[in-house]
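This report covers side-chain packing and pairing. Aromatic rings come first, then nonpolar cores, cysteines and salt bridges.

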Amino acid sequence: MLAHPLTEDRRAAVTAALSRVAGGAVAVVDEQHVGHDWAPVTRLRLDRDLPGGGASVIVKHLRVPGEGHGGPPYLRREAAGLRTAARSGVAPRLLHADDGAGFLLQEDLGTWPTLQDQLLGDDPRAATAALVDTATAVGRLHATTTGSDAAHREALDGFSSDVTSGALYDFGADHWERVERQCADLRLPAGRPARTAVLRLLGRVAARGPGTALVHLDLNPTNVLVTGDGARLIDFEGSRIGHTGIDACFLHYPFPHHSSPWGVLPPETVEAADAAYRAALIANGADLLAADHDQVLADGAVVALLGRLVRLPLIARPDQARADARRRRGQIVHQVETCARLTERAGGLTALTGWLRSLGEALTLRWPAAAASRAPVFPAFSG
């Protein structure tokens, strides 16, 4: 049973909006749920073509009417993100947004496999190509939206309402202090030696320097369509103008908050994706961002990791289901060790790298089954 079906009232509002977009009466001739049971996304087939588009459209609506995940701020961020991403060519076009009725209409990109489908398949070449295409799309998104701060802010200001609740990876010093306290409570290596480096890093990320662009912030493999014209990114609910390294590091971890299922990628596949991301930056005029990639990537990887480290009390709980404990612990160990590799490669973060390495060793000693060497690869590479 669908958790968030398209209701009759909202369907009527959507049909009225489609008629306005088309400049004449439009009827829905078919309706198809898209995505998993909790996704409030529906494909509508129409009795006529829309201007500049075909005879189908994607409607996405609120999960909840007020506060909470999938509430109004999420849909507003998606509308603004799609407007800003339009120049990139890697996201669906926004056709209409109705804040009052709680829905938006997007271009229908068609029925394609997701990156997740390829990773769960049995063809390593197809999976690698899909990941490389994803990296290219992310690089293009970043390169073509640098300098979009004012336009994006204008799109958000049009709502005159909350657009920040539930924002991802928006951390300050208090977040790091929370990590320090939790490490102390769990008798893990003290984070104090890394404090200065982390606070400086958070300051760099918050400063919104020349490398700032539209970032997606939820690049899990179900949010990437592998089309005949390259990868396309969907689900911009978490997007904002921010630090590009947070998106870029998703390819290395991979996918920091994805767990359905969790897997890792062969090193050569990760490096191919990383190279494709850099190449896309350069091809689309972001040479300076490409030149500073190692530092930007390391900074973003630390921010993404901090978002996971605050979950250490949950990860350490002894009353979890065995499968959950194994996944959560294996994922955090892999992320800590990957982050240490990236900060070491960037240079200048010796104290932070040392703390990350000691943390990874301590976690592995506490949970031997979570050793990074035992992390599962995605099925496409298991052969």
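Rings of Phe, Tyr and Trp (its six-membered ring) pair if their centres lie within 6.5 Å. The model examined here is predicted.

**Aromatic rings**

Tyr-169, Phe-171 and Phe-250 make up one aromatic cluster. The structure has four aromatic pairs. In one of them, Tyr-169 meets Phe-171 edge-to-face, at 6.1 Å between centres and 75° between planes. Tyr-169 is buried, at 8% relative accessible area.

Phe-255 and Phe-378 also pair edge-to-face; their centres are 6.2 Å apart and their planes 65° apart. Phe-255 sits in the loop between helix H8 (244-248) and helix H9 (267-283), while Phe-378 belongs to the segment after helix H14 (350-366), so the pair links parts 123 residues apart in sequence. Phe-255 is buried at 3% relative accessibility. Phe-378 is buried too, with a relative accessible area of 2%.

A charge also sits on a ring. Arg-77 lies over the face of Tyr-74, 4.7 Å from the ring centre.

**Nonpolar cores**

The largest nonpolar core has 87 residues. Leu-233, Leu-309, Ile-332, Leu-352, Trp-355 and Leu-363 touch the most other members. Helix H11 (residues 293-309) supplies the largest share of this core, nine residues. Leaving out residues up to four places away in sequence, Leu-309 touches Val-179, Gln-182, Ile-332, Val-336, Trp-355 and Leu-359. Another core lies apart from the largest one. This other core has 13 residues, including Leu-18, Ala-22, Leu-46 and Phe-103.

Thr-338 lies in helix H13 (residues 322-346). Thr-338 is buried, at 6% relative accessibility. Beyond its neighbours within four places in sequence, Thr-338 contacts His-252 and Tyr-253.

**Cysteines**

How many disulfides are there? The count is zero, with a cut-off of 2.5 Å between cysteine sulfur atoms. Cys-183 is in no disulfide: the nearest cysteine sulfur, in Cys-339, is 13 Å away. For Cys-249, the closest cysteine sulfur is also in Cys-339, at 7.9 Å, too far for a bond. Cys-183 is buried, with a relative accessible area of 0%. Cys-249 is buried, with a relative accessible area of 0%.

**Salt bridges**

The structure holds 19 salt bridges. Three of them are tabulated, with the distance between the closest N and O atoms.

| Basic residue | Acidic residue | Closest N and O atoms |
|---|---|---|
| Arg-204 | Asp-299 | 2.8 Å |
| Arg-278 | Asp-274 | 3.3 Å |
| Arg-317 | Asp-319 | 2.8 Å |

Arg-204 is in helix H7 (residues 195-206) and Asp-299 in helix H11, so their salt bridge ties together parts 95 residues apart in sequence. Arg-204 is partly exposed at 37% relative accessibility, whereas Asp-299 is buried at 3%.

Arg-278 and Asp-274 both lie in helix H9, four residues apart, about one turn of the helix. Arg-278 is partly exposed, at 26% relative accessibility. Its partner Asp-274 is buried, at 6%.

How exposed are Arg-317 and Asp-319? Arg-317 is partly exposed, with 40% relative accessibility. Asp-319 is exposed, with a relative accessible area of 52%.

Salt bridges that share partners also build a network. Its members are Lys-60, Arg-63, Glu-78, Asp-235 and Glu-237.

Note on methods
Residues numbered from 1 in each chain as written. Predicted model: local features only at pLDDT ≥ 70, side-chain atom pairs only at ≥ 80, totals over all residues. Heavy atoms only, no water. Phe/Tyr/Trp six-rings, centres within 6.5 Å; stacked < 30°, edge-to-face > 60°. Buried < 20%, exposed > 50% of the residue type's maximum accessible area, 1.4 Å probe, protein only. Helix = DSSP H or I, 4+ residues; strand = E, 2+ residues; numbered from the N terminus. Lys NZ or Arg CZ within 6 Å of the ring centre and 35° of its normal. Contact = heavy atoms within 4.5 Å. Core = buried A, V, L, I, M, F, W, Y, C linked by side-chain atoms within 4.5 Å. Salt bridge = Lys/Arg side-chain N within 4 Å of Asp/Glu carboxyl O.
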